[in-house]
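Q: I have a protein model open and would like to go through it piece by piece. Can we start with the strands and then move on to the helices?

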Amino acid sequence: MSIETLKEEVLAANLDLVTKNLVISTWGNVSGYDGETGVMVIKASGVPYDKMTKEHMVTVDLDGNVIDSPYSPSTDTWTHIELYRAWKDKGIRGIVHTHSLNATMWAQLGQDIPVYGTTHCDYFNGDIPCTRLMTGEEIGTDYERNTGKVILERMEALDPVRMNAVLVRSHGPFVWGTSPSAAVLNSQVLDYVANMAYMNYTMTGGQCGRVQKELLETHQNRKFGPGAYYGQKNH
């Protein structure tokens, strides 16, 4: 893939955040990673979505160096870099950060999103994790990079291919996928299941039962397991 093609994909994915009602104002960002060149493309910081063009897509290497743009990249760039460094060999090629309403409510609560049903299971393998509170030192020094490190700490025992979202405590969700567009879709699904979980949780005073383990595994494996059979295989 050429960098220009990746820029077009990342631009389209950023604009799709608006279409899917996942962002307002200039909140949120999408990046894409190119495995051949080892660089990522991310939107410029603070650019309104209604004025955003391909020229606002900034190419950055995984040492944080801007390669080809007069614009400053997103302030969350170092968080994206930390995740790509850790997961690029697992096929992660797109990352999304938003402050989408429903997922952010759970992040502010500081609670994992419980897995109550199969809609959740089709995309996320279990409760969607929330990170711990960051320390004052982590916030005061290299905040964005430390945000990535705290995400990786929380995800240490989890497979990022099967659990492609995390809630950063008191902040909001970071979501990833096999491409920028896949990460945006996962972000949309995350906010949808976050809303349903909130309703189930409040309707039952927090007593709604988790989905059966067997049902969770079946729905995960038919899409992501070695014998996956969801979708069309020859088209």
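The chat below goes through the sheet, some helices and a few single residues.

Q: Before anything else, what kind of model is this?
A: The model is a predicted one.

Q: OK, the sheet. How many strands form it, and in what order?
A: Six strands form an open sheet, and their order is 3-2-1-4-6-5. The pairing is antiparallel.

Q: Which strands are at the edges?
A: Strand 3 (57-61) and strand 5 (165-168) are the edge strands, and each of them pairs on one side only.

Q: And what does the twist average from one strand to the next?
A: The twist averages 20°.

Q: What holds strands together in general?
A: Strands of a sheet pair through backbone hydrogen bonds, either parallel or antiparallel.

Q: Let's take strand 1. How many bridges join it to strand 2?
A: Four bridges join strand 1 to strand 2, and the two run antiparallel. One bridge partner to look at is V41 in strand 2, which is paired with G32.

Q: What about strand 1 and strand 4, how many bridges there?
A: Strand 1 (residues 29-34) pairs with strand 4 (residues 94-97) over four bridges, in the antiparallel sense. Here G32 stands opposite G94.

Q: What sits between strand 1 and strand 2 in the hairpin?
A: The hairpin has four residues between the strands, and G38 takes a positive phi near 75°.

Q: Now strand 2. How many of its residues are buried?
A: Five of its five residues are buried, so strand 2 is mostly covered.

Q: Which residues are on which side?
A: V39, V41 and K43 are on one side of strand 2, while M40 and I42 are on the other, and all are buried.

Q: Why do they split up like that?
A: In a regular strand the side chains alternate between the two faces of the sheet.

Q: Which residue in strand 3 stands opposite I42?
A: V58 in strand 3 stands opposite I42. Strand 2 and strand 3 pair over five bridges, again in the antiparallel sense.

Q: Switching to helices. Which strands does helix 6 lie across?
A: Helix 6 (residues 143-154) lies across strand 5 and strand 6 (172-177), and runs at about 125° to strand 5.

Q: And helix 3, which residues are buried there?
A: In helix 3 (residues 101-109), the buried residues are N102, A103, T104, W106 and A107. What covers them includes strand 5, strand 6 and helix 7 (180-203).

Q: What follows helix 3?
A: G110 follows helix 3, and its phi is positive, near 75°.

Q: Helix 8 next. How far does it reach?
A: Helix 8 (residues 213-224) has twelve residues and reaches 16 Å from its first C-alpha to its last, close to the 16 Å expected at 1.5 Å a residue.

Q: Which residues of helix 8 are buried?
A: They are L216, H219 and Q220. Seen down the axis of helix 8, the buried residues fall within an arc of 95°, so they line one face of the helix.

Q: Why would they end up on one face?
A: An α-helix has 3.6 residues a turn, so residues three or four places apart point the same way.

Q: What covers that part of helix 8?
A: The cover over the buried residues of helix 8 includes helix 4 (118-121).

Q: New topic: aromatic pairs. How many are there?
A: The count comes to four aromatic pairs. One of them is W87 with W176, a tilted pair at 4.6 Å centre to centre, with 45° between the planes.

Q: Where in the chain are W87 and W176?
A: W87 is in helix 2 (residues 77-87) and W176 is in strand 6, 89 residues apart, and the pair links distant parts of the chain. Both W87 and W176 are buried.

Q: What else is in contact with W87 and W176?
A: P160 is in contact with W87 and W176, and also with K90, I92 and M155, leaving aside its neighbours within four places in sequence. P160 is found in the loop between helix 6 and strand 5.

Q: Is P160 buried or exposed?
A: P160 is buried, with a relative accessible area of 3%.

Q: Last one: E82. Where is it, and what does it touch?
A: E82 is in helix 2. Leaving aside its neighbours within four places in sequence, E82 is in contact with R145, G148, K149 and L152. At 6% relative accessibility, E82 counts as buried.

Terms used. Residues numbered from 1 in each chain as written. Predicted model: local features only at pLDDT ≥ 70, side-chain atom pairs only at ≥ 80, totals over all residues. Heavy atoms only, no water. Expected span 1.5 Å × (residues − 1). Buried < 20%, exposed > 50% of the residue type's maximum accessible area, 1.4 Å probe, protein only. Arc of directions from axis to C-beta. Contact = heavy atoms within 4.5 Å. Pairing = 2+ DSSP bridges. Axes fitted to C-alpha atoms, helices over the stretch in contact; angles between N-to-C directions. Phe/Tyr/Trp six-rings, centres within 6.5 Å; stacked < 30°, edge-to-face > 60°.
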